[in-house]
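Visitor: I should like to learn how the features of this model are to be read. Where shall we begin?

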Amino acid sequence: MAALDMDPQYVKAILEPLGMLRHPILFITDHQRPEILEKLKADPDIGPNIHLIPTEASWVGGDITAAIMSDVFIGNPASSFSGFIAKSRVALGFDTNFMFRTKTVDGGWVDVCDHRCIFDKKV
């Protein structure tokens, strides 16, 4: 699943239509899958824009706040932190949350549920 792996093509498909592909990307991680960051950093379009919060400055409250207040949030649908961030962003009126997307037969990407599905306990 592209959202779980944060494939560069998936990330670009979200950021490019929003005009955000050339803007800084704050990558927040729990360091469980370092290959995701390495893959994104290796991409010629995304890599130069990736920024990390230094380990010594990172703490869960600050990281979550930065994600909540971001212009665009691309979350991992299996992450409880991503779910909390997306719910907080919806409550604050932000509509650029991307967690539940699928690839169409023509290669495009579509949301599989609207912003309210993040509150569905079955999701």
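Guide: Let us begin at the surface, bearing in mind that this is a predicted model. Trp59, Val60 and Phe81 together make a nonpolar surface patch of about 360 Å².

Visitor: Where does tryptophan 59 lie, and is tryptophan 59 buried or exposed?

Guide: Tryptophan 59 is in the loop that runs between strand E2 (50-52) and helix H4 (60-68). A residue is called exposed when its relative accessible area is over 50%. Tryptophan 59 has 57% relative accessibility and therefore counts as exposed.

Visitor: How should a helix be read, taking H5 as the case?

Guide: One may compare its span with the expected value, then ask what covers it. Helix H5 comprises twelve residues, 80-91, and its first and last C-alpha atoms are 16 Å apart, close to the 16 Å expected at 1.5 Å a residue. Its buried residues are Ser82, Gly83, Ile85, Ala86, Ser88, Arg89 and Val90. The cover over these buried residues includes H4, strand E3 (73-74) and strand E4 (97-98).

Visitor: What is found at the ends of H5?

Guide: At the N-terminal end, serine 79 acts as a cap, with a side-chain oxygen 3.2 Å from the backbone nitrogen of phenylalanine 81. Just after the helix, glycine 93 adopts a positive phi of about 95°.

Visitor: Which residue caps the N-terminal end of H2, and how many residues of H2 are buried?

Guide: The cap of H2 is aspartate 7, which places a side-chain oxygen 3.1 Å from the backbone nitrogen of glutamine 9. Helix H2 spans residues 8-15, and because six of its eight residues are buried, it is largely enclosed by the rest of the structure. The buried residues of H2 are Pro8, Tyr10, Val11, Lys12, Ile14 and Leu15.

Visitor: Lysine 12 carries a charged side chain in H2. What does lysine 12 contact?

Guide: For a buried polar residue, one looks for its polar partners and then for its wider surroundings. Buried means under 20% relative accessible area, and lysine 12 is at 10%, so it is buried. Its side chain makes a polar contact of 3.0 Å with the side chain of aspartate 45. Leaving aside neighbours within four places in sequence, lysine 12 is in contact with Pro17, Leu21, Asp43, Asp45 and Ile46.

Visitor: Is aspartate 43 buried or exposed, and where does aspartate 43 lie?

Guide: Aspartate 43 is buried, its relative accessible area being 9%. Aspartate 43 sits in the loop between helix H3 (34-42) and E2. With neighbours within four places in sequence again set aside, aspartate 43 contacts Pro8, Lys12 and Pro48. Two of these partners, Pro8 and Lys12, are among the buried residues of H2.

Visitor: Glycine 93 had a positive phi. Which residues that are not glycine have one?

Guide: Here one reads the backbone angle together with the location and the accessibility. Methionine 6 has a positive phi of about 50° although it is not a glycine, and histidine 31, likewise not a glycine, has a positive phi of about 65°.

Visitor: Where does each of these lie, and is each buried or exposed?

Guide: Methionine 6 lies in the loop between helix H1 (2-5) and H2, and its relative accessibility of 11% makes it buried. Histidine 31 lies in the loop between strand E1 (25-27) and H3. With a relative accessible area of 58%, histidine 31 is exposed.

Methods: Residues are numbered from 1 along each chain as its sequence is written. This is a predicted model: local features need pLDDT of at least 70, side-chain atom pairs count only at pLDDT 80 or more; totals for chains, interfaces and linings use all residues. Side-chain values use heavy atoms; hydrogens and water are left out. Patches are made of residues with over 30% relative accessible area and no salt bridge: like charges are joined within 9 Å, nonpolar side chains (Val, Leu, Ile, Met, Phe, Trp, Tyr) within 5 Å. Accessible areas come from the Shrake-Rupley method with a 1.4 Å probe; for residues, only the protein chains shown count as cover. A salt bridge is a side-chain nitrogen of Lys or Arg within 4 Å of a carboxyl oxygen of Asp or Glu. Helices (H or I, at least four residues) and strands (E, at least two) are DSSP runs, numbered from the N terminus. Buried means under 20% relative accessible area, exposed over 50%, partly exposed in between (1.4 Å probe, protein chains only). Contact means heavy atoms within 4.5 Å. The expected span of a helix is 1.5 Å times one less than its number of residues. A polar contact is a pair of N or O atoms within 3.5 Å; within protein, one must be able to donate a hydrogen and the other to accept it, and residues adjacent in sequence count only if both atoms are side-chain atoms.
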